[in-house]
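Thank you all for making the time this morning. I would like to walk through one structure with you, beginning with its enclosed spaces and then turning to a strand and a single residue.

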Amino acid sequence: MTLGVAPRARIRRDSHTQRPHLPWALDVAAGLARGTTTVDEASARAELEARLPAFREALLGSPYYVRVLRESGLHPGDLRRLEDLRHFPALDRATLARHWEDVPTLPAASDECVVVKSSGTTGDPVNVLRDRRDCLLMWAVLRFFTERTRTVPPPRPRVVLLDALPGGLEYSVRLPLFHDGALHRVSVLRDDAVARLRRVKASVVFSDPEGLRWLLAHPEVPSPRLVLTSAQHLPHALRDAWKQERGVPILNYYAATETGPLAWECLEDANRGRFHVLTPDVWLEPDGDEVVVTRLRPSVLPLLRYRPGDTGTVRRDACACGFHGWTLTGFGGRGACAFHTPSGRAVDAWSLAWVFKHHPLRAFRLTQVTRERFTLELSGAPGDSVAALCERLTAALRNLGWTSLVVEARGAEGLVPAAKPLPFRCELPLPR
């Protein structure tokens, strides 16, 4: 097996190997479409349970699960129905971080896998092993999202990953899995960003809220047909602005590096905050108050009852948007927080999340105390990394509009609760 780390130099070469996976991508999109329209719950559960035999085999190939299940007096063969899952042990982020090399089921045949890091927005980034299909999954899911939103891509559509963070990698590659299109990663920090986007004329744009604000403020850039965002809090006002000013829907989806896409937020204004689950690829356990994921899609990384640390309750319902299936409500993974520059401009605090990704932490919390003073609480940070982290954070804040600022770092071992902490907080009085 060939193992790489977050491939960059191979991006161009890898794009040419996608075409053999086109039937798989079409099958993934078709399966997700069936999962949204199956009215009968028994039939929906039967399709999910049809994936359990392959999942049991994956567990048997995982050194971690073989050991843990043996210690619990269980065997993968005991998993026959979805209801059986409650008897199996859960896996949390901290445990996956410690045992990331033992959890995967390594392929017997030669295959190329890569190691990527989770976002680390709550500290303690997790190493995640991905095989080729894991790396290509988002393009299969995008096919489903465009069909769900009735977005009709033009011939050879162009997709843009719009990066609003400093130091982002830029590239352009072919995208055979999405209607023989092309993928462009563009940084808004470049002087020629507007000119490049006008040439590209993207049909689909992926970005965080900060990038979407930037794009909305540049009407000279042609509007895409669909906008997608993930990982950070999406303000309702921003979603409304795109709909009213550009006539473009924003699809806000819930995903984690460890699991891949899990659900998407209903596009009906009356149902905001309701995330429809992407069955049958994943199963989110119903009726609890915490997200617990079992990934049923074949992968080198089997995840049995994985707890990403987000709160929410899953129940089956029929939505006004036409969706039939399981819906996540009360989702508590993306608390909104805005920092305010000395000039009074509001900045989405989550745009700083990338700073913490490359530092070993158990948890952190960044608090804006005054317009120019921040307190950084750290748990589990090695002493030699604190200064480097503060330096990188200070530089990022300057890029966002702070000119003279102070970042005070201190330890805070009490920042490790059972659920995800809120990593950003602002103590300034709310603006009128």
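**Enclosed spaces and buried strands**

The second largest cavity holds about 50 Å³ of space, and I should say at once that we are looking at a predicted model. The lining of this second largest cavity is made up of Leu 32, Leu 137, Val 141, Thr 259, Pro 261, Leu 278, Asp 281, Val 282, Arg 295 and Arg 297. If we sort that lining by class, we find six nonpolar residues, one polar residue and three charged residues.

Let me now place that cavity in its setting. The count comes to three cavities of 30 Å³ or more, and in the largest cavity there is about 60 Å³ of space. Which elements give two or more residues to the lining of the largest cavity? They are α2 (22–37), α3 (41–49) and β17 (324–329), and of these α3 gives the most, with three residues. The residues that line the largest cavity are Arg 34, Gly 35, Thr 38, Ala 44, Glu 47, Leu 48, Thr 279, Pro 280, Arg 316, His 324 and Trp 326. By class, this lining of the largest cavity divides into four nonpolar, four polar and three charged residues.

From the cavities I move to the strands, starting with β3, which covers residues 112–117. Five of the six residues of β3 are buried, and therefore the strand is largely enclosed by the rest of the structure. Strand β3 is joined by four bridges to strand β4, residues 127–130, and the two run antiparallel. Within this pairing, Val 115 stands opposite Leu 129 of β4. As a general reminder, side chains in a regular strand alternate between the two faces of the sheet.

My last stop is Val 227, which is found in strand β9, residues 226–230. Is Val 227 buried or exposed? Its relative accessibility is 0%, and because the cut-off for buried is under 20%, Val 227 counts as buried. Setting aside its neighbours within four places in sequence, Val 227 is in contact with Val 205, Leu 212, Trp 242, Val 248, Pro 249, Ile 250 and Leu 251. There is also a pair to look at on the screen, since Val 227 and Phe 206 are 21 residues apart in sequence, while their C-alpha atoms are 6.0 Å apart in space.

That is where I will stop, and I am happy to go back to any of these views.

Note on methods: Residues numbered from 1 in each chain as written. Predicted model: local features only at pLDDT ≥ 70, side-chain atom pairs only at ≥ 80, totals over all residues. Heavy atoms only, no water. Buried < 20%, exposed > 50% of the residue type's maximum accessible area, 1.4 Å probe, protein only. Contact = heavy atoms within 4.5 Å. Pairing = 2+ DSSP bridges. 1 Å grid on protein atoms, 1.4 Å probe; cavity = no way out; pocket = protein on both sides within 12 Å on 5 of 7 lines; lining within 4 Å. Points joined across faces, edges and corners; volume = space filled by probe spheres on them. Nonpolar A, V, L, I, M, F, W, Y, C, P; charged D, E, K, R; others polar.
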